Amino acid sequence: MNKQLKMGRVLVVDDDKDVLHAAQLFLKQHVQKVHVESNPKEIPKQLQENDYDVVLLDMNFHDDVSSGEEGFYWLDKILEIDSSLAVVLITAYGDIEKAVKAVKKGASDFVLKPWQNEKLLATVHSAVNLSTSKREVQQLKSKYDTLRSDLEQPYQNIIGTSPAMQKVFHTIEKVAKTDANVLITGENGTGKELVARAVHRRSNRNENTFITVDMGALHENLFESELFGHEKGAFTDARESRVGRFEIANGGTLFLDEIGNLPLHLQPKLLSALQTHKIVRIGSNKPIEIDIRLICATNESLKEKVANNTFRQDLLYRINTIEIHLPPLRERNEDIDLLADHFLQQYKKKYKKEDLKLSDKALAHLKSYHWPGNIRELEHAVERAVILSDESVLSPGDFLLTSGTGASHEIPVDDLNLEEIEKTVIQKALEKHQGNISRAADDLGLTRTSLYRRMEKYEL
């Protein structure tokens, strides 16, 4: 038989050496691996040291000549060790009652000695397929249980125990089961999309789609097509019809991030869609019914935009049935410990630095900082520190931040690349201490050796 067609790993257990020899001689032509064992007491060790798909198990050993009870005992033991294994019982006593009992106890099949080779091979191949299916089911169940466990964690991706965040969680609980439109406000980097997803997961629409549209990343000419879709030939580049996000989200939740970027001339169309529950594709006159739950987010003051006549007041009322405000990180300082640890665990695993720890001084340094970029900036700061650290403990100098007071904007972090930021911080420390290496290193939270290494790197 072609070697590539061999399938399965088989353990044969029988106290008759002739039976073991015959089984091994025949089966090794047709399966990937065959092991034989004459002592059933060695079964647990064999299963611990090797991977099998099928166990061919004799029902009667010398201690139990004809009842088959020892075979049933080892059947239970094998399935207790690995329930995905397929166990085929072998007996010279063609007792149908034993066969029925064996199957009821978990055996996948039953063969008689002396066996017919074709029958044995067919039985083994069926058992291999059964074992494979059992393992696939177990894997799917494990994935399902993990996903269900994650979903049952009310806010698994939103970290915080501060009173400000408890207020956010309470609002989510109250609004999620309704179909009320929600407006999430807050600065950039505070986690507005995470809150939107939490509302969707806890809503009655959670089995349907959650569709995101980043309004801040769309060119103005694409807004209408992206939201409402278009028909083929509706405009120059419309080579084929396209379904808009409203249609894709039908039955589920549509999340419009940075809603303040929606051009004024398109706002009436969005308002009409929300009022009538219908949209019309570009290039079509046919209304399409839609059923969506709308969640919007903004880092701007829409009330100010209304006052400046750049956002419609009636649209604001329509999207703002319930408002959830996310506080900036500087207003939930007590959550920094949890967030920093969460990101540290995430990135030390990603970058294979499992022993890395955060010093108390480093944590105090993080808690003294203003965090203009909020949680997103904290995450990036921790990731940078993990990547660049040469030590087993992260110190204040591993975090490229300023003093944490109003001077936190001295170094425009978002406008410089990583090496430029580090070089600038080191230069400032050296200037501050007039070239004193020991004091500069202490201020940066580095050893003298680490500071010298960085100075050499940047030719300082």
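**Entry 1: V19**

I looked up V19 first and found it in helix α1, residues 17–27. The model is predicted, so I read every value here as computed. V19 has 12% relative accessibility, so it counts as buried, the cut-off being under 20%. I then listed what V19 touches, skipping residues up to four places away in sequence: D14, K113 and W115. I also checked V19 against S38. The two are 19 residues apart in sequence, and their C-alpha atoms are 9.7 Å apart in space.

**Entry 2: the bond at K113 and P114**

K113 came up as a contact of V19, so I looked at the peptide bond that joins K113 to P114. Is that bond cis or trans? I found it cis, with omega at about -5°. I placed P114 in the loop between β5 (109–112) and α5.

**Entry 3: T123**

Next I moved into α5, which covers residues 117–152 and holds T123. Is T123 buried or exposed? I noted a relative accessible area of 4%, so T123 is buried. Where does its side chain go? I traced the T123 side chain to the backbone oxygen of K119, at 2.8 Å. Leaving out neighbours within four places in sequence, I found T123 in contact with V88, D109 and V111.

**Entry 4: W371 and N374**

I turned to residues with positive phi that are not glycine. W371 is one of them, with phi near 55°. I located W371 in the loop between α14 (360–367) and α15. Its relative accessible area is 0%, so W371 is buried. N374 also has a positive phi without being glycine, near 60°. I placed N374 in helix α15. N374 counts as buried because its relative accessibility is 0%.

**Entry 5: helix α15**

I checked the length of α15, which has 15 residues, 374–388. At 1.5 Å a residue the helix should span 21 Å. I compared that with its end C-alpha atoms, which are 21 Å apart, so the two agree. Which residues of α15 are buried? I listed N374, I375, E377, L378, A381, V382, E383, R384, A385 and V386.

**Entry 6: E383**

From that list I picked E383, a residue of helix α15. Its relative accessible area is 18%, and E383 is therefore buried; the limit is under 20%. Which side chain does the E383 side chain meet in a polar contact? I found that of Y351, at 2.4 Å. Setting aside neighbours within four places in sequence, I have E383 in contact with Y347, K350 and Y351.

**Entry 7: cavities**

Rolling a probe the size of a water molecule over the atoms shows where empty space is left. I counted 2 cavities of 30 Å³ or more in the structure. I looked up the second largest, which has a volume of about 30 Å³. What lines it? I wrote down G397, L400, E422, I426, L444, L446 and R454. Sorted by class, that lining has 4 nonpolar, 1 polar and 2 charged residues.

**Entry 8: the chain overall**

Last, I took the totals. I noted 18 helices and 14 strands in the protein chain. The chain has 460 residues, and 45% of them count as buried. For contacts between residues at least 6 apart in sequence, I noted that 69% join residues at least 24 apart.

How values were computed. Residues numbered from 1 in each chain as written. Predicted model: local features only at pLDDT ≥ 70, side-chain atom pairs only at ≥ 80, totals over all residues. Heavy atoms only, no water. Helix = DSSP H or I, 4+ residues; strand = E, 2+ residues; numbered from the N terminus. Expected span 1.5 Å × (residues − 1). Buried < 20%, exposed > 50% of the residue type's maximum accessible area, 1.4 Å probe, protein only. Polar contact = N/O pair within 3.5 Å; in protein donor to acceptor, adjacent residues only side chain to side chain. Contact = heavy atoms within 4.5 Å. 1 Å grid on protein atoms, 1.4 Å probe; cavity = no way out; pocket = protein on both sides within 12 Å on 5 of 7 lines; lining within 4 Å. Points joined across faces, edges and corners; volume = space filled by probe spheres on them. Nonpolar A, V, L, I, M, F, W, Y, C, P; charged D, E, K, R; others polar.
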